[in-house]
Amino acid sequence: CRQVVENIFTVWLQAADVFDAASGPAEALGAYIDAKMEISRTHPAGSKVWATEVMHRAPVIQDYLETTLVEWTEGRIAVIQGWIDAGLMQPIDPRHLLYMIWATTQHYADFGHQIETLNNARPLSDRQWTDAKRSVKRIILRGIGVPESELANL
């Protein structure tokens, strides 16, 4: 179990590497959401194991949550706060923005069966995945005040 959750977390961490080189929240968060959605599509089992572990109060990985996850999250919060301070996005709580992105993107893995059921008992097609990623990005980025002109490129 520990190896599985560490592996999926490493994949998720790599998805967020764009934060450090991006020009601002639209580019960084847009790419992060794309990556997280694609990970949910290609690695659903890892997300499900992570979710199960956390729902059971993380008996195997609590130390990992208290160190690696806390440090990583604080680093992402600092980047987001920098964008807020620079006037590049609305003044929101960065922590809750991250929670929202995680919950939304990982839903596609953790509740894949429900999504398939609601999609006429079929997995999402490539086009439906593209539409889902576009919708999630637009909703979140509009919510933090990214101008429409920047959303057109996503």
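These legends accompany several close-up views of a predicted model.

**Figure 1. Helix 5, from end to end.**
Let us begin with helix 5, which covers residues 62-85. How well does the span of helix 5 agree with its 24 residues? At 1.5 Å a residue, the helix should span 34 Å, and its end C-alpha atoms are 33 Å apart, so the two values agree. Follow the helix along and you will meet a bend of about 30° at L69. Just beyond the helix comes G87, a residue with a positive phi near 75°.

**Figure 2. The buried side of helix 5 and what covers it.**
Which residues of helix 5 are buried? They are Y64, L65, L69, W72, T73, R76, I77, I80, W83 and I84. Try reading the gaps between those numbers with this rule in mind: an α-helix has 3.6 residues a turn, so residues three or four places apart point the same way. L69, where the helix bends, is itself among the buried residues. The cover over the buried residues of helix 5 includes helix 1 (2-15), helix 2 (18-21), helix 3 (25-42), helix 4 (44-55) and helix 6 (94-110).

**Figure 3. Helix 3 and its buried residues.**
Helix 3 is one of the elements that cover helix 5. Its 18 residues should span 26 Å at 1.5 Å a residue, and the end C-alpha atoms are 25 Å apart, which agrees. The buried residues here are P25, A26, A28, L29, G30, Y32, I33, K36, M37, I39 and S40. Notice that K36 and S40 belong to this buried list.

**Figure 4. The largest nonpolar core.**
In soluble globular proteins, nonpolar side chains tend to be buried together. In this model, the largest nonpolar core has 43 residues, and the members that touch the most others are F9, L29, Y32, W50, I80, L97 and Y108. Which elements give two or more residues to this core? They are helix 1, helix 3, helix 5, helix 6 and helix 8. Helix 5 provides the largest share, eight residues.

**Figure 5. F9 and its ring partner W72.**
F9 is a good place to pause: it has a relative accessible area of 3%, so it is buried. Leaving out residues up to four places away in sequence, F9 touches W50, Y64, T68, L69 and W72. The model has nine aromatic pairs. In one of them, the ring centres of F9 and W72 are 6.4 Å apart and the planes meet at 75°, so the pair is edge-to-face. This pair links distant parts of the chain, with F9 in helix 1 and W72 in helix 5, 63 residues apart. W72 is buried too, because its relative accessible area is 14%, and the cut-off for buried is under 20%.

**Figure 6. W12 meets W50 in an aromatic cluster.**
How are the rings of W12 and W50 arranged? They form an edge-to-face pair, 5.3 Å centre to centre with 80° between the planes. W12 lies in helix 1 and W50 in helix 4, 38 residues apart, and the pair links distant parts of the chain. W12 has a relative accessible area of 7%, so it is buried, and W50, at 9%, is buried as well. Step back a little and you will find one aromatic cluster formed by F9, W12, W50, Y64, W72, Y99 and W102.

**Figure 7. Two neighbours in a loop, N119 and N120.**
Both N119 and N120 sit in the loop between helix 7 and helix 8. Is N119 buried or exposed? With 10% relative accessibility, N119 counts as buried. Its side chain reaches the backbone oxygen of R122 at 3.0 Å. N119 also touches L124 and Q128, residues up to four places away in sequence not being counted. N120, by contrast, is exposed, with a relative accessible area of 60%. Although N120 is not a glycine, its phi is positive, about 60°.

**Figure 8. R57, between helix 4 and helix 5.**
R57 belongs to the loop between helix 4 and helix 5. Its phi is positive, near 70°, in a residue other than glycine. At 73% relative accessibility, R57 counts as exposed.

**Figure 9. G143 in helix 8.**
G143 is part of helix 8, which covers residues 126-143. It counts as exposed, at 54% relative accessibility. G143 and A31 are 112 residues apart in sequence, and their C-alpha atoms are 16 Å apart in space.

Note on methods:
Residues numbered from 1 in each chain as written. Heavy atoms only, no water. Helix = DSSP H or I, 4+ residues; strand = E, 2+ residues; numbered from the N terminus. Buried < 20%, exposed > 50% of the residue type's maximum accessible area, 1.4 Å probe, protein only. Expected span 1.5 Å × (residues − 1). Bend = angle between axes of the 7 residues up to and from the residue. Contact = heavy atoms within 4.5 Å. Polar contact = N/O pair within 3.5 Å; in protein donor to acceptor, adjacent residues only side chain to side chain. Core = buried A, V, L, I, M, F, W, Y, C linked by side-chain atoms within 4.5 Å. Phe/Tyr/Trp six-rings, centres within 6.5 Å; stacked < 30°, edge-to-face > 60°.
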